[in-house]
Number of protein chains: 2
Amino acid sequence: MDRTGDEYSVGNGGHDMGPLTAAAAIVGKKWHPRIVVELLRDGPLGFNDLKESVDGISDKVLSESLDDLQERDIVHRTVIDDKPVRVEYSLTEWGEELEQVVTAMDEWGTRYLDRTDESAE
Amino acid sequence: MDRTGDEYSVGNGGHDMGPLTAAAAIVGKKWHPRIVVELLRDGPLGFNDLKESVDGISDKVLSESLDDLQERDIVHRTVIDDKPVRVEYSLTEWGEELEQVVTAMDEWGTRYLDRTDESAE
DNA sequence: CTGTATCCTAAAGGATACTG
DNA sequence: CAGTATCCTTTAGGATACAG
């Protein structure tokens, strides 16, 4: 099937689960892109290190976010059996490939926030 | 304090409104990327044409989405004073520049949904 | 044709306390 | 160190009806 002109593959006819929606479900959560970015930058991180890096997220929300990201095959969880137990979170291949998306978002966001700088309000 | 690897400008210290969050606030809404994509593809569109294109969205949600996108300077609304009144929605420059983001999202999403292909349908 | 007005449900996120 | 358990508030989104 040729997709001429359907570059975005959203011309679906009846259901609403296209690529864009799939990506939005991940990258649109408030903390998800932040988590992905930190894992891209600082490699595997433990729970608390990640929490420090993300800065502002609560235990509960980080925990839930990580669960969600694991279910979606974005993040991998490795238990390292020391005493006390350590855990390492890292990106799966799909997580790694999100770099292009979060980079595009970050670049756009930087320009956008800068546009006349209303932050001075 | 060295910020090695602060490429993503998210190492903020206290508030949580970085570029990523700004982008996520737009592109993470269920219908926003869809709307942007349709406007990128089919140029200015009227309310009902847009509704047809997006396919599945309700009046209320489309209306609210467009309000939000206008406030965020992504979409421009032009009233064309015919009888009956027509309205054209188009992208602002910031809306246009979102193309890189939605394209990255769509490409990633396509690969992702394809990874074992659960949507053979 | 271009929306508003209600009403309702589900999901996201935050605060705080507690546990293996 | 790595989470759970509650409880609560806000927001997104859907259904349906009505209006300029």
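Me: To fix terms, a polar contact is a pair of N or O atoms within 3.5 Å. With that cut-off, how far is Lys29(B) from a phosphate oxygen of DNA strand D?

Reply: This is a predicted model. In it, a polar side-chain atom of Lys29(B) lies 3.1 Å from a phosphate oxygen of strand D, so the pair falls within the 3.5 Å limit.

Me: Which backbone atom sits by a phosphate oxygen of strand D?

Reply: A polar backbone atom of Val87(A), at 3.0 Å from a phosphate oxygen of DNA strand D.

Me: And what is 2.2 Å from a base oxygen of strand D?

Reply: An N or O atom in the side chain of Lys60(B).

Me: How many residues surround strand D, and which are closest?

Reply: There are 16 around DNA strand D, and the closest are Arg77(A), Tyr89(A), Lys30(B), Trp31(B) and Lys60(B). Of the strand D atoms that come within 4 Å of the protein, 60% belong to sugar and phosphate.

Me: Which elements supply that surface?

Reply: From chain A, α3 (47-54), α4 and β2 (86-91), and from chain B, α4; each gives at least two residues to the surface near DNA strand D. By class, that surface has six nonpolar, three polar and seven charged residues.

Me: Now strand C. How many residues there?

Reply: DNA strand C is surrounded by 15 residues, with Lys30(A), Trp31(A), Lys60(A), Arg77(B) and Tyr89(B) the closest. Sugar and phosphate make up 63% of the strand C atoms that come within 4 Å of the protein.

Me: What touches its phosphate oxygens?

Reply: Among them, the side chain of Trp31(A) has an N or O atom 2.6 Å from a phosphate oxygen of DNA strand C. For Lys29(A), a polar side-chain atom lies 3.2 Å from a phosphate oxygen of the strand. Val87(B) uses a polar backbone atom, 3.3 Å from a phosphate oxygen of strand C.

Me: Elements again, please, and classes?

Reply: Two or more residues of the surface near DNA strand C come from α4 (59-71) of chain A, and likewise from α3 (47-54), α4 (59-71) and β2 (86-91) of chain B. The classes near strand C are six nonpolar, two polar and seven charged.

Me: Switching to the protein. How are chains A and B related?

Reply: A turn of 180 degrees with a shift of 0.0 Å along the axis lays chain A on chain B, with an RMSD of 0.1 Å. That relation is a two-fold axis.

Me: Which C-alpha of chain A is nearest the axis?

Reply: That of Gly28(A), 1.7 Å from the axis. Both copies use the same surface, with 100% of the contact residues of chain A recurring in chain B.

Me: How many residues are in contact, and how much area is buried?

Reply: In chain A, 50 residues are in contact with 51 of chain B. The two chains bury about 4500 Å² between them, and 61% of that is on carbon and sulfur atoms.

Me: How many salt bridges and polar pairs between A and B?

Reply: Four salt bridges, one of which joins Asp73(B) and Arg115(A), whose closest N and O atoms are 3.5 Å apart. The residue pairs in polar contact number seven, both residues being at pLDDT 80 or more.

Me: Which helices of chain A touch chain B?

Reply: α1 (19-27), α2 (32-42), α5 (93-97) and α6 (99-113) each supply at least two residues of the side of chain A that touches chain B. The largest share of that side comes from α6(A), with 14 residues. Sorted by class, the side of chain A that touches chain B has 24 nonpolar, 11 polar and 15 charged residues.

Conventions
Residues numbered from 1 in each chain as written. Chains lettered and ligands numbered in written order. Predicted model: local features only at pLDDT ≥ 70, side-chain atom pairs only at ≥ 80, totals over all residues. Heavy atoms only, no water. Contact = heavy atoms within 4.5 Å. Buried area = accessible area lost by both parts, 1.4 Å probe. Salt bridge = Lys/Arg side-chain N within 4 Å of Asp/Glu carboxyl O. Polar contact = N/O pair within 3.5 Å; in protein donor to acceptor, adjacent residues only side chain to side chain. Helix = DSSP H or I, 4+ residues; strand = E, 2+ residues; numbered from the N terminus. Nonpolar A, V, L, I, M, F, W, Y, C, P; charged D, E, K, R; others polar. Near = heavy atom within 4 Å. Least-squares fit on C-alpha atoms with pLDDT ≥ 70 in both.
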